[in-house]
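Good morning, everyone, and thank you for making the time. I would like to walk you through one model today, going from the overall layout to the interior and then to the aromatic rings.

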Amino acid sequence: MRSLDEYTHRVAVSAYVVCGDEFLLLRRARSPEIWGPPGGRLLPDEDPNLGVLRETLEETGLVVTIIGIAGIWYGDFGRGTYMSIDYLTVTDDRNVILSDEHSDYRWASVQVLSSGQPPLGTTSPSYTLRDFDHAWKLACNLRARESAGGQIE
C-alpha cells in the first residue's frame, strides 16, 4: 500500500439518496456548513461502491441501494485535490440517524430545492440545484426504463 504523499489526489464518494420523489440533504456541522448528500473520503484502497454504502450508513443510518453513477467531480475542495464519484441511490427508509458530522437533515424534492429550501450553494464546493436536477432526471429515466420492462443495472 502506498503512503498518502504518493497519491496525486484523494478519492471521495457521495450518494444522492432518493426516497419517493425527494432527496436527502445533510447540513455539515463544520465548515463549509453546506447542504449536500451524504459522502466522504474513501479509506485507502477501498472499493468506491462499498465506500459510498459505508459513508451513507455512517452519516445517516440508512441502508441504500446503488442505482448508478450520477457524475464525477474533480477539483480543489479547499483541502487539496479530490476526485468524487457521485452515486444515485434509493431507499424506502426515511428514519435518518445523523452522525456528529452533520447538524440537520431534510428531505426535499427538486421543486422545493428550486424554491431555495434548504439553501444550496451556487459554486464549488457546494452542491447546486443543477446537480440535484441532473440526478433527478437520471432517476426518472431509470424508473421509466424499469417500468417499461428493462432492468436497472
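Before I give you a figure on contacts, let me say that two residues are in contact when heavy atoms of theirs lie within 4.5 Å. With that in mind, and remembering throughout that what you see is a predicted model, we can say that among contacts in the protein chain between residues at least 6 apart in sequence, 63% join residues that are at least 24 apart.

Let me stay with the whole chain for a moment. The protein chain contains 3 helices and 7 strands, and if you follow the elements from the N terminus on, they run β-β-β-β-α-β-β-β-α-α. Of its 153 residues, 39% count as buried, while the accessible surface comes to about 8,600 Å², with 51% of that belonging to carbon and sulfur atoms.

Next, please look at strand β6, which covers residues 81–90. Since 7 of its 10 residues are buried, this strand is largely enclosed by the rest of the structure. As for its pairing, β1 and β6 run parallel and are joined by 9 bridges, and one example is V13, whose bridge partner in β6 is I85. On the other hand, β5 and β6 run antiparallel, with 10 bridges joining them, and here you can find I69 standing opposite Y87 of β6.

That brings me to the interior. The largest nonpolar core has 18 residues, and the ones that touch the most other members are Y16, F23, L25, L88 and F132. At least two residues of this core come from each of β1 (10–19), β2 (22–28), β5 (65–76), α2 (110–114) and α3 (129–147), and the largest share, 5 residues, is supplied by α3. Apart from this core lies another, made up of 14 residues, among them V17, C19, V52 and W107.

If you would pick out F23 on the screen, you may ask which residues it touches, leaving aside those up to four places away in sequence. The contacts of F23 include Y16, V17 and V18, then R106, W107, A108 and V110, and also F132, A135 and W136.

I will finish with the rings. The structure holds 5 aromatic pairs, and in one of these Y16 and F23 meet edge-to-face, at 6.1 Å centre to centre and with 70 degrees between the planes. Both of these residues are buried. Y16 also forms an edge-to-face pair with Y127, again described by two values, namely 6.1 Å centre to centre and 90 degrees between the planes. Because Y16 lies in strand β1 and Y127 in the loop between α2 and α3, this pair ties together parts that are 111 residues apart in sequence. As to how buried the two partners are, Y16 has a relative accessible area of 3%, whereas Y127, which is buried too, has one of 18%; the value for Y127 still counts as buried because the cut-off is under 20%.

Taking the rings together, Y16, F23, Y127, F132 and W136 form one aromatic cluster. One further ring deserves a look before we close, and that is W107, where R94 lies over the face of the ring, at 5.0 Å from the ring centre.

Conventions: Residues numbered from 1 in each chain as written. Predicted model: local features only at pLDDT ≥ 70, side-chain atom pairs only at ≥ 80, totals over all residues. Heavy atoms only, no water. Core = buried A, V, L, I, M, F, W, Y, C linked by side-chain atoms within 4.5 Å. Buried < 20%, exposed > 50% of the residue type's maximum accessible area, 1.4 Å probe, protein only. Helix = DSSP H or I, 4+ residues; strand = E, 2+ residues; numbered from the N terminus. Areas by Shrake-Rupley, 256 points an atom, 1.4 Å probe, with all protein chains shown as cover. Phe/Tyr/Trp six-rings, centres within 6.5 Å; stacked < 30°, edge-to-face > 60°. Lys NZ or Arg CZ within 6 Å of the ring centre and 35° of its normal. Pairing = 2+ DSSP bridges.
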